[in-house]
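Subject: A structure for you to look at

Hi,

Here is the structure I promised to pass on. Have a look around it first, then read my notes below.

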Amino acid sequence: MQINTPDWVKHAVFYQIFPDRFARSVPPHQSWLLDVPLEDWNAAPTFNGYKGGNLWGIIEKLDYLQDLGINAIYLNPVFTSASNHRYHTLDYYQIDPLLGGEEAFINLLNEVHRRNLKLVLDGTFNHASRGFYFFNDILENGQNSPWFDWFKIEGWPISPYDESRPANYASWCGFRALPELNTNNSGVREYIMQVGEYWIKRGADGWRLDSADYIKTPGFWQEFRERVKAINPQAYIVGEIPMEATEWLDGTQFDGISSLPFLNATTAFIVGDRQVKGHLELYAPPPPSDAIEYGNQINELLQRYPWEIQLTQLNGINNHDTARLIDVAGGDRPSLYLSTLLLLTFPGAPCIYYGDEVGLTGGYDPDCRKGFPDQQHWDRDILEFHRQLIKLRLSHTALRIGQYQTLYAQGQVYIFARILEQEVFVIAINAGNEIAKVSIQPSLSSSPQQILFTYGSGAANWSQETTQTSLNFTLAPRSGLILG
């Protein structure tokens, strides 16, 4: 079958925003939003505290994001919730009042679209909150509740708060606060479908679907896609699937996934034995890899799914669930630079997690969700690095949709090309601690001559010996360059 994915995603650079932590500002008539008890913005974040970031603050930061080169925003959940991350949904039809409510959302959506940017929402449909109306009705009315079968009740009575008693209902990863929805129930299914449709009709440009692989109901995501795409064929549907996702990427369900293989492979190669912790607290760091292994892993990943899907994957080097890469690397700045260089030259839509571009640090949750720093605490070198790389990607179609070809992989040196007809870019990375001198004889449709971007220091030139043309590199330790 023919696979169709949204064209705009292939040319997008996403910016992921955790709304409570990015920026806060309010119009005078909503001044009460900053009068409620809030954590100090610059203090270490906690699991339960709010810092008061909101959608009004995001509006004020749009100039900054556009200057950075961002053309698409992915928001962590914005619906009414009793948690700072808002994955505990209370009402799928209401914007959280602490974020500025409906008024702030409409203003944000209008301003985003006025600037020709895109806005993707985060939907949590495997589970809701114990404060969700339909679950709360069961707490009040017991087995007489009309919504009793909307959840996976396993016994009676249920115990959503008293952990000394059996919960007696299924919940996400055993957390009582997150009762699982029974998506086999036709009413639940229709409710979720209508929520998906509602926000696309309101103007959202897509859905990122949290814990998408937890929903096992046959045909569920196929129907979700059909109904969302019927409203906006260019809506982006991206599922959170941690690892293998072949069954969801057949063209009938998701346009792409947010996953870990690119992150894991890149970390093992670039960070190597500098890695002091895994990205996720439950997992040990992957063993260091060399360029051969990195190339094998990346090419296996690129061959795993159809090319049309590869171009609309959502790729990142960390997110709201992971320790930030610079912390994973024990503060090693070259690891952040080189991983970002690989991210922004890789097929698929790169996604910058808020604050990475100014050097924000952060360990495991909740530390990876710090308040976005004031300007005096920005790392200007890292910011300029991101700005230049994003500009380069957006200026050249081959860096977005060009074919990917590994040219060389030996030791700690990895060289690849992005090729679109006569437009060719060669990217060379030396992840090692020694100067590397490499000569290759690539078969390319054209011969890029100019170094367009360098991290560290490096040189490249072409040479001719009899009938053989060689491309020669000299790469400083922990460096990378783009030839175009």
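Below is what turned up, going from the whole chain down to single residues.

One thing to keep in mind is that this is a predicted model.

**The whole chain**

The chain has 484 residues, and 60% of them count as buried. Its secondary structure comes to 14 helices and 18 strands. If you lay the C-alpha trace along its principal axes, it spans about 85 × 50 × 45 Å. A compact globule with 484 residues would have a radius of gyration near 23 Å, and the chain has 23 Å, so the two agree. Looking at contacts with a separation of 6 or more, 68% are between residues 24 or more positions apart. As for the outside, the accessible surface is about 18,900 Å², and carbon and sulfur atoms make up 49% of that.

**Two nonpolar cores**

The largest nonpolar core has 120 residues. Among those with the most contacts inside it are Y15, L55, F125 and W207. Helix α6 (residues 186-201) gives the most to this core, contributing seven residues. Try clicking on L55: leaving out residues up to four places away in sequence, L55 touches L75, V78, I95, L99, A104, F105 and L108. Apart from this core lies another one, with 18 residues, including V424, V426, L444 and L475.

**A small sheet**

Next, find the open sheet of three strands, which has the order β14-β17-β16 and antiparallel pairing. Its edge strands are β14 (436-440) and β16 (458-465), each of which pairs on one side only. From one strand to the next, the twist averages 20°. β16 is joined to β17 (residues 468-475) by eight bridges, and these two strands run antiparallel. For a landmark, look for W462, which stands opposite L471 in β17.

**One serine in a loop**

Last one: is S159 buried or exposed? S159 is found in the loop between α5 (133-141) and α6. Its relative accessible area is 2%, and buried means under 20%, so S159 is buried. Which residues is S159 in contact with, leaving aside its neighbours within four places in sequence? They are R165, P166, A167, Y169 and R176. For a sense of scale, pick S159 and Q375 together: they are 216 residues apart in sequence, and 47 Å separates them in space, C-alpha to C-alpha.

Cheers

Terms used:
Residues numbered from 1 in each chain as written. Predicted model: local features only at pLDDT ≥ 70, side-chain atom pairs only at ≥ 80, totals over all residues. Heavy atoms only, no water. Pairing = 2+ DSSP bridges. Helix = DSSP H or I, 4+ residues; strand = E, 2+ residues; numbered from the N terminus. Axes fitted to C-alpha atoms, helices over the stretch in contact; angles between N-to-C directions. Core = buried A, V, L, I, M, F, W, Y, C linked by side-chain atoms within 4.5 Å. Buried < 20%, exposed > 50% of the residue type's maximum accessible area, 1.4 Å probe, protein only. Contact = heavy atoms within 4.5 Å. Rg over C-alpha atoms; globule rule 2.2 N^0.38 Å. Areas by Shrake-Rupley, 256 points an atom, 1.4 Å probe, with all protein chains shown as cover.
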